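Let's take a walk through this model together, one helix at a time. Have your viewer open and follow along.

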Amino acid sequence: MNRRGSLRSVQFAREVSESEALDFAQHMAITCSESLEERLVAVVLHGSLAMGDYSPRNSDLDLLVVAEDVDSDADVVALCDTTSSNALRFAGRLDLRVVSRGVPAAPPEKPILEFGVHTSRRGTLETQIHIVERDLLMEFSICRAAGRSLLGPSPPEVIGDVFRLWLLR
């Protein structure tokens, strides 16, 4: 299954404070944990919120979810339902990506994104399912260097080094 799609419109009523964004990040980590159960490996917060440069007006909430195995359509549908409905309740922008454990552990040149949900400034909620996503290489590199674990082991314990030449392409 290879899909991209926009599900619905979202209205962002206000700016989201740093503490509200952190609370929502923790809520999403728990939501993913409940959905994936024992298959959840880690939830990593990264981007401006993790690096202390969060701006209520301009920043989004960046989460990387690493799971033992997310290869069935049932898993993806369950994640899509729970994360999308929660994203619609969040007043800010969200970028949440789910990958199977082996992908960040030894990042390939063309990593597979199992599931992603992104809310944009335009007020759309977009999901991505089972696609090659080269942007994950930069995300893995950032998470490994400056990410903050919300659940599970520290980022360097689950994310391997990314081949630098691939980051420059």
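The paragraphs below go through two helices, a strand residue and the cysteines. Please keep in mind that this is a predicted model.

A good place to begin is helix H1, which covers residues 18–36. How does its length compare with what 1.5 Å a residue should give? The 19 residues should span 27 Å, and the end C-alpha atoms are indeed 27 Å apart, so the two values agree.

Next, look at which of its residues are hidden. In H1, the buried residues are Ala-21, Phe-24, Ala-25, Met-28, Ala-29, Thr-31, Cys-32, Ser-35 and Leu-36. Because these residues cover an arc of only 165° around the axis, they sit on the same side of H1. Turn to the other side of H1 and you will find Asp-23 and Glu-34, which are exposed.

What covers those buried residues of H1? The cover includes strands S2 (40–46), S3, S4 (93–100) and S7 (148–151), together with helices H2 (48–51) and H3. Just after H1 comes Glu-37, and its phi is positive, near 55°.

One part of that cover, H3, deserves its own visit. Helix H3 runs over residues 73–89. Its 17 residues should span 24 Å at 1.5 Å a residue, and the distance of 24 Å between its end C-alpha atoms agrees with this. Buried in H3 are Asp-75, Val-76, Leu-79, Cys-80, Thr-83, Ser-84, Asn-86 and Ala-87. They cover an arc of only 165° around the axis, so they fall on the same side of H3. Ala-74, Asp-81 and Arg-89 are exposed on the other side of H3.

Now move to strand S3, residues 60–67, where Ala-67 lies. Is Ala-67 buried or exposed? Its relative accessible area is 0%, and a residue under 20% counts as buried, so Ala-67 is buried. Setting aside neighbours within four places in sequence, Ala-67 is in contact with Leu-36, Arg-39, Leu-40, Val-41, Val-99, Ser-100 and Arg-101. Of these, Leu-36 is also one of the buried residues of H1. Another pair to look at is Ala-67 and Ser-33: they are 34 residues apart in sequence, while their C-alpha atoms are 9.4 Å apart in space.

Finally, how many disulfides does the structure hold? There are 0. Cys-32, from the buried side of H1, has a relative accessible area of 1% and is therefore buried. Cys-143 is buried as well, with a relative accessible area of 0%.

Methods. Residues are numbered from 1 along each chain as its sequence is written. This is a predicted model: local features need pLDDT of at least 70, side-chain atom pairs count only at pLDDT 80 or more; totals for chains, interfaces and linings use all residues. Side-chain values use heavy atoms; hydrogens and water are left out. Helices (H or I, at least four residues) and strands (E, at least two) are DSSP runs, numbered from the N terminus. The expected span of a helix is 1.5 Å times one less than its number of residues. Buried means under 20% relative accessible area, exposed over 50%, partly exposed in between (1.4 Å probe, protein chains only). The arc is that of the directions from the helix axis to the C-beta atoms. Contact means heavy atoms within 4.5 Å. A disulfide is a pair of cysteine sulfur atoms within 2.5 Å.
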